[in-house]
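Dear colleague,

Please find below the structure that I am handing over to you. An account of what was found in it follows directly after.

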Amino acid sequence: MNRTATLLACCAGAAVSASGQTIIGDNENVIITEVMFNPAGAEAETEWVEITNIGPTPVDITRYAIDDEDGSSPSHMFGAGAIRNVDGTVLPESSDPDCLTVDIFGGQGFQCDPDNTLIIQPGESIIVSSFWDPRSRGFGSSIDNGIENTFDAWVAAWGDDTDSDGFGDTVDFRIVFLLTNITIANTGSPINEVLDLIEYEQDGTIVSRDYVNYEVGNSNNQWPFSSNGLSFYLQPNFLADAAAQTAGGVPPANGSLDNSNQQYGVFWSNSAAGRDLARNPFEVMVQDMDAGPNGDGLDANGDPIMVTLVSGNDAGSPGVVPGLGDSFEDANGNGRDDVLDIFLGSSEDCNRNRIPDEVEADCNGNGLPDDCEFQISQEEDCDGNGSPDNCDIAFDGSLDLDGNGVLDICENTPGFGDIVITEIMFNPSGSEGGREYLEIINTGSGAVDLTGAFFQDLDQPVFDGAEPSFPTLVVQPGEVVVFGETSIENFTEGWGDDTDGDGLGDVLSFTYFNIGGIAMGNNADLVNEVRSLLAANGVRIDVANYQSTTSNGVPQGGWPGDFNGTAYYLFGTEVDPVSNNDGGNWGQSIRNLDGARSPLADSSSDTYWDPDTIGSPGTVNLGSVERPIGDVIISEVHFASNTEFPGLMFPDPTNGIDEWVEIVNVSASTVDLGGWFLEDEDGRTSAIPAGVSLAPGEALVLTANDFPAENPMPVSEFYDAWNCGFQVITLQNWYNGGLGRLSDQAEGPGAADSPSGANEILQLRDGSDMVQDIVNYDDDGFDWPLVSNGLPFTPAFSIYLFRSSDYNELDNDEGLNWATSLVGFDGAIQNNITPVYNTTMFGSPGFVDGITVNFDPQNCISDDPILPRCADQNRDGEVTPADFNSWIINFNNNDPIADVNQDGAVTPADFNAWILAFNQGANGPLCPGT
């Protein structure tokens, strides 16, 4: 079959000048036409991008590469990769590592020529993928998972089966494999995934040639749903001019090519085998070379351990760009393309499958296609037969003899209505392998036999397959069971009770069930991840259709925001199989609330569990949800840094050191703040020194003291910038190894001042590690105030709690109760310019309207605190024997605090330095910058 686009066939052939030289055409005519972002097999290895030359002339794409919004890891240039030609010959990858040094800012790594020249012809489509492993290891990649992508595997999966052996033999398009991996986000958003086709010009500059800013998992953004194993492809009728289509009501007969339209999601579709030339590949298995007890790819019997590289359930059309005749569909019979009906709003498409809702199956006649009902709640089909239960009952009343609207087979299945999923650890901190877990509870009055039951993702439209079934398991009334993939010994070490005081768990107070195959998506959406517990007969005992966050950290569907390592748990007042489908009934585990804790063994450098993980396995609080104490709350935050780091000779986009947090005592008693600290998803600060207290109605400001050379008198500097009248307490580990700035570090470079609903989750904790307050702030401009863009030399604004009725630990987590500081409102002022606060900003530090009645802006009431002594490892303001244990912990965690000799490294030599510093006590050395 000739896979060249019929739409593009008219353009084939290279243009030749009068001198006989080939004319290299307009680079803007090379566009992205298909993206396989979420394959069902070995995902990283088999992601791919299709690019097509829609112009009339050849284009040199030798120095092209694939980049995204992260801006830090573009792929290698196409000409530096290996190229498989249509005839099967392979041009090897570049042997010059300098060609593979990606420097996105200065272009200094590109003063060489890739080995291969790659010219894309008019109408030609080329596939770009990667070796990933192990070919990339020799070029600086740390990725090594034992699974290798090869040209032979690609052809076997996506080629034509000319000898009828069930595997592909040939492909009639070129394939480029790069040395560096291509990793494409499964859950896109308006700012992520921005897949960019870039060109490195000879002078080192970078030019963006095309981009696809796709979004998935959101029914309002016109992009298809994220579907496991299905590619996105650009529908050919929307290569034509959009204005002409809208005005005329139908696409032009042939379509004038226009690459600008590919930015809009309505022009794209999920591939489906048999439509628009899409097909299922042949399934390809490969050996996992790192698996097995010896890490050699062999099981205990010496047999190869095989894994699915390419799943036969995938669908796509690599190397194919269908023409208008291939794409036109008119299911509703109105003479117009169905996709255009949906785009113009004359038809709805609730499930984003590009078929008008009015012609889809709707067995109960409620105007909602059947599979849309399942996307809302998979429990509408408890027997899993693909038809809503109320339709089954309407068709055959014998299925519901008691007439209560529930299928009898479901009611009679053990555990139905009683077993509830109550906790989901889908994204543990550190390595995820084996550390994910699920928790259930039996809410019924009798024992439930779950023998043969199993977990399953009900991802639509692709079924992932069942996970391992349970051997004998009977759950008693009220019993909590946790399911995980790791051994009982590993789980107990981290989450058990430490009865012998060695820092490791010894026994579990709950049932742990070791099963294999648990693998949950980190960025779930409406159709993926649908975590379900099924009985042996296939009945869906419980479904928790959790939606976490988009790739840029924005929560979806009312579910909590997630930062790495934190479990979701069901509020104790909502423990039933219906309520646990509502994201508003779930919370993010916060240490010391509702039984949440970090695993044990956090002092060991080789511990199985990362200490930043937080969950409450085995604990289900069936009472009221625990909340922060709230005697002292966070009332103002300045996070949008706009200053330059002090002392720079030339303007630079480096963030300054101007952040601060205001806290206020809303109780009727003085509160001792000694040992208190700030914590977020990145880490924690040092503790407030002993002896600091806060009177009723008094506010103080917390700020950083991480850079004593650049800011030697941070309190005086703050007063010079912001006036006086309040305490200013400085903390270490704010920028260095702690909070990592009051913003969303997970969003990548350049987004340090763009917090989201998942990050920044700022916590104020007391000396006993109990949560006093949480502010989960965002800068979305809707619920939370929109502040400055965080760029140097542009005004920055703090956000502050502006209504006295909301001065409590619950209401201050609602963005509508916060405002942007403006001069003249609620005590806000403009700062004075100082070496640290060196650009215009606005805020009201130390002043809380209606509370701080004794506020005196002329009275500087606190001095610059003394830096901590190196021997004071627990940062409690004293040098005591307890600091020895703290040094051991800090040393094992490679914490800069343990660098007592201040040589820039944490080594055993620091132990002797600590002994000397301890013996000097209050006269010991200070430790600036830690």
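Helix H10 lies across strands S28, S32 and S33, and runs at about 135 degrees to S33. In this statement, contact means heavy atoms within 4.5 Å; axes are lines fitted to C-alpha atoms, for helices over the stretch in contact, and angles run from 0 to 180 degrees between N-to-C directions. Helices (H or I, at least four residues) and strands (E, at least two) are DSSP runs, numbered from the N terminus.

Please note that this is a predicted model, in which local features need pLDDT of at least 70 and side-chain atom pairs count only at pLDDT 80 or more, while totals for chains, interfaces and linings use all residues. Residues are numbered from 1 along each chain as its sequence is written, and side-chain values use heavy atoms, with hydrogens and water left out.

**Sheet**

The strands beneath H10 belong to an open sheet of six strands, ordered S33-S32-S28-S27-S37-S38, with mixed pairing; two strands pair if DSSP finds at least two bridges between them. S33 and strand S38 (818-820) are the edge strands, each pairing on one side only. From one strand to the next, the twist averages 30 degrees. S28 and S32 run antiparallel and are joined by five bridges. Ile-663 stands opposite Leu-700 in S32.

**Nonpolar cores**

Ile-663 also appears in the largest nonpolar core, which has 55 residues: together with Leu-673 and Trp-734, Ile-663 touches the most other members. A nonpolar core is a set of buried Ala, Val, Leu, Ile, Met, Phe, Trp, Tyr and Cys residues joined through side-chain atoms within 4.5 Å. Buried means under 20% relative accessible area, exposed over 50%, and partly exposed in between (1.4 Å probe, protein chains only). Among the elements that give two or more residues to this core are strand S27 (632-638), strand S28 (660-665), strand S32 (699-704), helix H10 (714-722) and strand S33 (727-731). A second, separate core of 33 residues includes Phe-426, Phe-455, Leu-570 and Val-575.

**Two further helices**

In helix H9 (residues 488-495), the buried residues are Phe-491, Thr-492, Gly-494 and Trp-495. These buried residues of H9 pack against strand S17 (437-442), strand S21 (480-484) and strand S22 (511-514). H2 is mostly covered, with seven of its eight residues buried; among them are Phe-151, Trp-154 and Trp-158.

**Salt bridges**

A salt bridge is taken as a side-chain nitrogen of Lys or Arg within 4 Å of a carboxyl oxygen of Asp or Glu. The count by this rule comes to nine.

Glu-124 forms a salt bridge with Arg-174, the closest N and O atoms being 2.8 Å apart. Glu-124 sits in the loop between strand S7 (119-120) and strand S8 (125-130), and Arg-174 in the loop between helix H2 (151-158) and strand S9 (175-178), so this pair links distant parts of the chain, 50 residues apart. Both Glu-124 and Arg-174 are buried.Arg-540 forms a salt bridge with Asp-381, with 4.0 Å between the closest N and O atoms. Arg-540 lies in strand S24 (residues 540-544) and Asp-381 in the loop between helix H6 (370-376) and helix H7 (389-395), so the pair ties together parts that are 159 residues apart in sequence. Arg-540 is buried, as is Asp-381.

Asp-769 forms a salt bridge with Arg-591, the closest N and O atoms being 2.7 Å apart. This pair links distant parts of the chain, 178 residues apart. Asp-769 and Arg-591 are both buried, and they are linked with Glu-679 and Arg-765 in a network of salt bridges.

**Backbone**

Most residues other than glycine have a negative phi. Asp-276, in the loop between strand S13 (268-270) and strand S14 (284-287), has a positive phi near 50 degrees. Asp-276 counts as buried, at 4% relative accessibility. Asn-723, found in the loop between H10 and S33, has a positive phi of about 80 degrees. Asn-723 is partly exposed, with a relative accessible area of 29%.

**Confidence**

The mean pLDDT of the chain is 80, and 78% of its residues reach 70 or more; pLDDT is the predictor's confidence in each residue, from 0 to 100. Over residues 135-142 the pLDDT is below 50, and this stretch has 11 contacts in the model beyond near neighbours in sequence. Over residues 744-752 the pLDDT stays under 50, and the model has 22 contacts for them beyond four places in sequence. Where pLDDT is low, the predicted coordinates should not be read in detail.

With kind regards
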